[in-house]
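Hi,

Here is the structure I promised to pass on. Have a look at it first, and then read my notes below.

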Amino acid sequence: MYIAEIDITEQMKSFSYFAEKDDMNHASDAIILICQKTLMKPSEVLLEIKEASYRKKPADYRMAEKILRAMEGSKPINHSHITDSLKDAKFGIEEALKSGNPTIIRIYVMAVKLDMDQVLKELSL
């Protein structure tokens, strides 16, 4: 097993400085530098900072939380998932129109409703 020690003291000092100034842009830049050195994802770095700074450095904790919320708000939309759901819904409507059986129509309408709910959840509407 290999153990690597990476010094991110300067980057953390930079993050703390900008967290105290409530400068999210520069604090995010410091996170990117930490990510480059540690080869960790930004969300992992921010969660580690939140855990380590919960009681000791409230400004760091608040800034890490603020950046995490901003990252969650800008998640990319999975267009292939939406496309698949819409294709399923279209197929369900076509099958319901073909059959004259009210039970089958009800089942397909429920399936289409579930597909639309998934699309809305994906779009966060």
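**How far to trust it**

Keep in mind that this is a predicted model. The mean pLDDT of the protein is 82, and 92% of the residues score at least 70. Where along the chain is confidence lowest, and where is it highest? The low end is helix α5 (residues 79-98), with a mean of 76, while helix α3 (residues 42-53) comes out on top at 91. As a general caution, predicted coordinates should not be read in detail where pLDDT is low.

**The overall picture**

The fold is easy to describe: there are six helices and zero strands. Going along the sequence, that gives the pattern α-α-α-α-α-α. The protein is more spread out than a compact globule, because its radius of gyration is 23 Å, well over the 14 Å that the globule rule gives for 125 residues. If you draw a box around the C-alpha atoms along the principal axes, it comes to roughly 70 × 40 × 25 Å.

How much of the protein is buried? Of its 125 residues, 24% count as buried. The exposed surface is about 9,600 Å², and carbon and sulfur atoms supply 58% of that area. I also looked at contacts between residues at least 6 apart in sequence: 56% of these join residues at least 24 apart. As for charge, there are 18 positive and 20 negative ones, and their mean positions are 4 Å apart.

**Two loop residues to look at**

Most residues other than glycine have a negative phi. Two residues here go the other way, and both sit in loops, so I've put them together.

- Asp22 is in the loop between α1 (9-20) and α2 (24-38). Its phi is near 60°, a positive value in a residue that isn't glycine. Asp22 is partly exposed, at a relative accessible area of 49%.
- Leu39 belongs to the loop between α2 and α3. This residue is not a glycine either, yet its phi is positive, at about 60°. With 77% relative accessibility, Leu39 counts as exposed.

**Helices α5 and α6**

The next few notes are about distances between residues that are far apart along the chain. Three of the pairs include a residue of α5 or α6, and I give them in turn.

Start with Thr83, which is in helix α5. Thr83 is partly exposed, with a relative accessible area of 36%. From Thr83 to Val119 the C-alpha distance is 8.7 Å, although the two are 36 residues apart in sequence.

Lys87 is also in helix α5, and this lysine is exposed, at a relative accessible area of 55%. What separates Lys87 from Asp115 in space? Their C-alpha atoms are 9.2 Å apart, with their positions 28 residues apart along the chain.

Then there is Lys121, in helix α6 (residues 102-123). Lys121 counts as exposed at 67% relative accessibility. Its C-alpha atom is 9.8 Å from that of Ile82, and the two residues are 39 apart along the chain.

**A pair at the other extreme**

Lys98 is part of helix α5, and it counts as exposed at 65% relative accessibility. How many Å lie between Lys98 and Glu48 in space? The answer is 55 Å, C-alpha to C-alpha, for two residues that are 50 apart in sequence. When you open the model, this pair goes well with the box of roughly 70 × 40 × 25 Å mentioned above.

While you are looking at α5, remember that this helix has the lowest mean confidence, at 76.

Cheers

Definitions and conventions:
Residues numbered from 1 in each chain as written. Predicted model: local features only at pLDDT ≥ 70, side-chain atom pairs only at ≥ 80, totals over all residues. Heavy atoms only, no water. Helix = DSSP H or I, 4+ residues; strand = E, 2+ residues; numbered from the N terminus. Rg over C-alpha atoms; globule rule 2.2 N^0.38 Å. Buried < 20%, exposed > 50% of the residue type's maximum accessible area, 1.4 Å probe, protein only. Contact = heavy atoms within 4.5 Å. Areas by Shrake-Rupley, 256 points an atom, 1.4 Å probe, with all protein chains shown as cover. Lys, Arg positive; Asp, Glu negative; His and termini not counted. Charge placed at Lys NZ, Arg CZ, Asp CG, Glu CD. pLDDT = per-residue confidence, 0-100.
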